[in-house]
Amino acid sequence: MASHRKSRPVGTRVAGIRTPALATAALTSVALLSQSANAAPADDRPSLEEVEKKVDDLYRQAESATDNYNAAKEKTATQRKQVDTLLDDVAQRTQKLNQAREELGSFAAAQYRTGAGASGTATFLLADTPQDYFDQTQLMGRLTNRQKGAVDDYVSEQSATMKKRQEASQSLQTLTETQSDLKTAKATVQKKLADAREMLSELTAQEKARLAAIEKQKQEEAARKAAELAQQQAAAEEAAQEATAPQESTSTPTDSSYATKAAKALAFARAQIGKPYVWGATGPDSYDCSGLTQAAWKAAGVDLPRVTYDQVNAGTTVSLADAQPGDLVFFYDDISHVGLYIGNGMMIHAPKPGAYVREESIYYDGESAIHSVVRPA
């Protein structure tokens, strides 16, 4: 069909008007400039390396926020128990206060019935005999002493109850603030994870393939560094054994005890391999990083704190060269990640959202990411 059309004169039509060739060239230039302007934002897109770094940073920030969430959650549970205890105490004291008030009322009624408040002469005139007056006076004395004791008890109980009510009110306020912190930490985690997922979703298939290649290269470098550390540790251990060979019989039972506990912790950790990372999780179906290390050492009879920045203080710091299986390896300046060292430069850890508990080189994010090594128990 197109081959039968008549050729058009030079130029194009704009709004129904035929334009000369010069005007056509000008319009073409404008169109090209417009296309370039529209394409400009594409040049502002971050490079693949920048995307990878940003995503890793977001995951790290999410993990740090997870620790804040875990700490607030633990604190909330403790404070809720304190509030419940205080409220129970207030209820019991209120009941005692009501009983004391009833007792005072019974004394007042007794005084009224026996002529309390009347002068001694009036009471004597009401008495039939001097003996009656004596008996009434003795009764009034006993009532007065008992009433005074009841009043003292009432005032003391009232003061204690008011104090407990104030403590309960303050604890409730603190609990409310902590729950607010918990909500904020949770929202921060969710926001960081959502941002990371959004950045990854915007990558093309080709970019995702390149990203996977970069990740593979990083893993290979991490494995190489782990192998180097394993060789260094093996050489150091061999040298130490040769140096202490004559004194082998004097080895302390402490090392043996730690090795036994560490073996139990590692056995537990290995059994969790393949389970998903879930922020805030402590098992048994999923874990975050500190939830895994806490559960592993609990299986060995050692109670670790819940969060990384408390776990880092729950033992003795050792050098990386002296790291032994079972030691905790902490990462980053904010101590936002932890793994369980298994030897040969490797660890078991719950890496990040979307990943699973796995064995990995302690150099998975570079040597500079390693913060410290701590030996618990």
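**Reading the strands, helices and turns**

Mentor: Strand β6 (residues 346-349) and strand β7 (residues 358-361) pair in the antiparallel sense over four bridges. This is a predicted model, in which local features need pLDDT (the predictor's confidence in each residue, from 0 to 100) of at least 70, side-chain atom pairs count only at pLDDT 80 or more, and totals for chains, interfaces and linings use all residues. Residues are numbered from 1 along each chain as its sequence is written, and side-chain values use heavy atoms, with hydrogens and water left out.

Trainee: What makes β6 and β7 count as paired strands?

Mentor: A strand is a DSSP run of E with at least two residues, a helix is a run of H or I with at least four, and both are numbered from the N terminus. Two strands pair if DSSP finds at least two bridges between them, and β6 and β7 have four, so they meet the rule. One of these bridges joins M347 to its partner E360 in β7.

Trainee: In which order do the six strands stand in the sheet, and what makes β3 and β7 its edges?

Mentor: The six strands form an open, antiparallel sheet in the order β3-β8-β4-β5-β6-β7. Because β3 (316-318) and β7 each have a single partner strand, one side of each is left without a neighbour in the sheet. Neighbouring strands are turned by 40° against each other on average, direction ignored. For β3, the partner is β8, which is joined to it by three bridges, and V318 stands opposite V373 there.

Trainee: How do you know which faces of β4 are covered?

Mentor: Look at the side chains of β4 (residues 328-331): L328 and F330 on one side and V329 and F331 on the other are all buried, where buried means under 20% relative accessible area, exposed over 50%, and partly exposed in between, with a 1.4 Å probe and protein chains only. Both faces of β4 are therefore called covered under that cut-off. In the neighbouring strands, V329 faces G339 in β5, while F331 faces I370 in β8.

Trainee: Is Y332 buried or exposed, and is N344 buried or exposed?

Mentor: Y332 has a relative accessible area of 7%, so it falls under the limit and is buried, whereas N344, at 52% relative accessibility, counts as exposed. Y332 sits in the loop between β4 and β5 and has a positive phi of about 75° although it is not a glycine. N344 belongs to the loop between β5 and β6, and its phi is near 55°, which is also positive. Most residues other than glycine have a negative phi.

Trainee: How do you know what span to expect of helix α5?

Mentor: The expected span is 1.5 Å times one less than the number of residues. Helix α5 (residues 205-243) has 39 residues and reaches 57 Å from its first C-alpha to its last, close to the 57 Å expected. This helix lies across β5, β6 and β7, running at about 80° to β7, with axes fitted to C-alpha atoms over the helix stretch in contact (heavy atoms within 4.5 Å) and angles from 0 to 180 degrees between N-to-C directions.

Trainee: Where does pLDDT stay under 50?

Mentor: It stays under 50 over residues 1-42, which have 13 contacts beyond four places in sequence, and over residues 116-125, which have eight such contacts. The protein averages a pLDDT of 76, and 69% of the residues score at least 70.
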